[in-house]
Amino acid sequence: MGTHHTHVLLRFVRHWFDDRTVTNVFEPLLADHQREWLDAPPTARLRIALRTVAVFIVALLWTTPRALLFTAVPASTTRRIVARMIIFISVVSALLIMPFLIELKTVAPGRLASLLMWLLPGAILLAFPFAMGFTVDGVRRHARPTHVERIAMLRAAIVAVTFTVVLGGWIVPAANQQFRLTVWGDRTPPPARGARELTTPQLIQAPWLARAERLHRTAAIQRELHNRASLALLPVILIWMRWRALNKPSPQWLLPAWLAARTVT
């Protein structure tokens, strides 16, 4: 591992860690490797390089949790993330629920409120991943992002995936079933659950509970698991796409440059 590779590794850690961590952990590690590698005969250099890579990975695994937990993110950045998410999710969820509201306009107000309450988790689940792409503009304030901005966005991505898994795997299926029960009324027996009304553990461990699917049960369960996995990964994909778009001189994704700049400020 020559000087070029050492510089690449140092540039990588400077993107994610503060100067103190880079100076105290990674620079001594790579400097020791560089000296050992230069002094070693050519036949031993591959072994030294592999050992250095292994030690470097161990150092990353040791320092990354600390960076995620203890890197101080400005309160203004957190406020921008939360504000953008609330605004985006509220607007998009309202638009998604609007067709149901029009369709159910003849329903009594009390029952209508109950139906809309059970529809809301599903609307939030569909809107939430796209809100994460929108929040990138609120985090990234520099053409060359700082390690604090990268850590803030990585935290947001982890929270987004966790939130999507919990919401889509437990809350939305329960809300779907409650919506069907509210529509069904007092009739008996209650409507059989389909794949969309089962939690993720039930889809995996007890697929026979999806009685409404009947002969198409296996295909419906596989499709539902695929959809939930795709939704869980979608926030990360959209964050990455928007982050990459901001590397260009004039980002045009989601918002025009002039409107994005005015919105952020």
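Does Q177 count as buried or exposed, and at what relative accessibility? Q177 counts as buried, at 11% relative accessibility. The notes below start with the whole chain and come back to Q177 later.

1. **Status of the model.** This is a predicted model. Residue numbers start from 1 along the chain as its sequence is written.

2. **Overall make-up.** The protein chain holds 9 helices and 0 strands. Read from the N terminus, its elements run α-α-α-α-α-α-α-α-α.

3. **Overall dimensions.** The chain has a radius of gyration of 25 Å, whereas a compact globule of 265 residues would come out near 18 Å. Along the principal axes, the C-alpha atoms fill a box of roughly 85 × 50 × 30 Å.

4. **Burial and surface.** Of the 265 residues, 38% count as buried. The exposed area of the chain is about 16100 Å². Carbon and sulfur atoms supply 68% of that area.

5. **Contacts along the sequence.** Take the contacts with a separation of 6 or more. Residues 24 or more positions apart account for 66% of them.

6. **The largest nonpolar core.** This core has 16 residues. Those with the most contacts inside it are M85, F128, M132, V136, M153 and I239. Helices α4 (75-103), α5, α6 and α8 each supply at least two of its residues. M85 touches F128, A131, M132 and T135, with residues up to four places away in sequence not counted.

7. **Another core.** Apart from the largest core lies another, of 13 residues. Among them are V22, L29, L30 and A59.

8. **Salt bridges in general.** Side chains of opposite charge can pair when their charged atoms come close. Here the count comes to 6 salt bridges. Three of interest follow, in points 9 to 11.

9. **R35 and D32.** These side chains meet in a salt bridge, at 2.3 Å from N to O. Both residues sit in helix α2 (residues 19-39). They are about one helical turn apart, because 3 residues separate them in that helix. D32 is partly exposed, at 43% relative accessibility.

10. **D137 and R242.** A salt bridge joins these side chains, at 2.5 Å from N to O. D137 lies in helix α5 (residues 109-139) and R242 in helix α8 (residues 217-245), so the pair ties together parts 105 residues apart in sequence. D137 is buried, with a relative accessible area of 7%. R242 is buried too, at 0% relative accessibility. Both α5 and α8 also supply residues to the largest nonpolar core.

11. **E197 and R180.** Their side chains form a salt bridge at 3.9 Å, N to O. The pair links distant parts of the chain, 17 residues apart. E197 is in the loop between α6 (147-184) and α7 (200-205), while R180 is in helix α6. E197 counts as buried, at 9% relative accessibility. R180 counts as partly exposed, at 25%.

12. **Back to Q177.** Q177 is found in helix α6. Leaving aside neighbours within four places in sequence, Q177 is in contact with P191, R193 and E197. E197 is also the partner of R180 in the salt bridge of point 11. Q177 counts as buried because its 11% relative accessibility falls under the 20% cut-off.

13. **A nonpolar surface patch.** V165, V166, W170 and I171 form a nonpolar patch on the surface. Together they have about 330 Å² of accessible area. V166 lies in helix α6. At 38% relative accessibility, V166 counts as partly exposed.

14. **A cis peptide bond.** Most residues other than glycine have a negative phi, and most peptide bonds are trans. A cis peptide bond joins T188 and P189, with omega about -5°. P189 is found in the loop between α6 and α7. E197 is in that loop as well.

15. **A positive phi.** R214 is a residue other than glycine with a positive phi, near 55°. R214 is found in the loop between α7 and α8. R214 is exposed, with a relative accessible area of 68%.

Methods. This is a predicted model: local features need pLDDT of at least 70, side-chain atom pairs count only at pLDDT 80 or more; totals for chains, interfaces and linings use all residues. Side-chain values use heavy atoms; hydrogens and water are left out. A salt bridge is a side-chain nitrogen of Lys or Arg within 4 Å of a carboxyl oxygen of Asp or Glu. Helices (H or I, at least four residues) and strands (E, at least two) are DSSP runs, numbered from the N terminus. Buried means under 20% relative accessible area, exposed over 50%, partly exposed in between (1.4 Å probe, protein chains only). Patches are made of residues with over 30% relative accessible area and no salt bridge: like charges are joined within 9 Å, nonpolar side chains (Val, Leu, Ile, Met, Phe, Trp, Tyr) within 5 Å. Accessible areas come from the Shrake-Rupley method with a 1.4 Å probe; for residues, only the protein chains shown count as cover. The radius of gyration is taken over C-alpha atoms; the globule rule is 2.2 Å times the number of residues to the power 0.38. Contact means heavy atoms within 4.5 Å. A nonpolar core is a set of buried Ala, Val, Leu, Ile, Met, Phe, Trp, Tyr and Cys residues joined through side-chain atoms within 4.5 Å.
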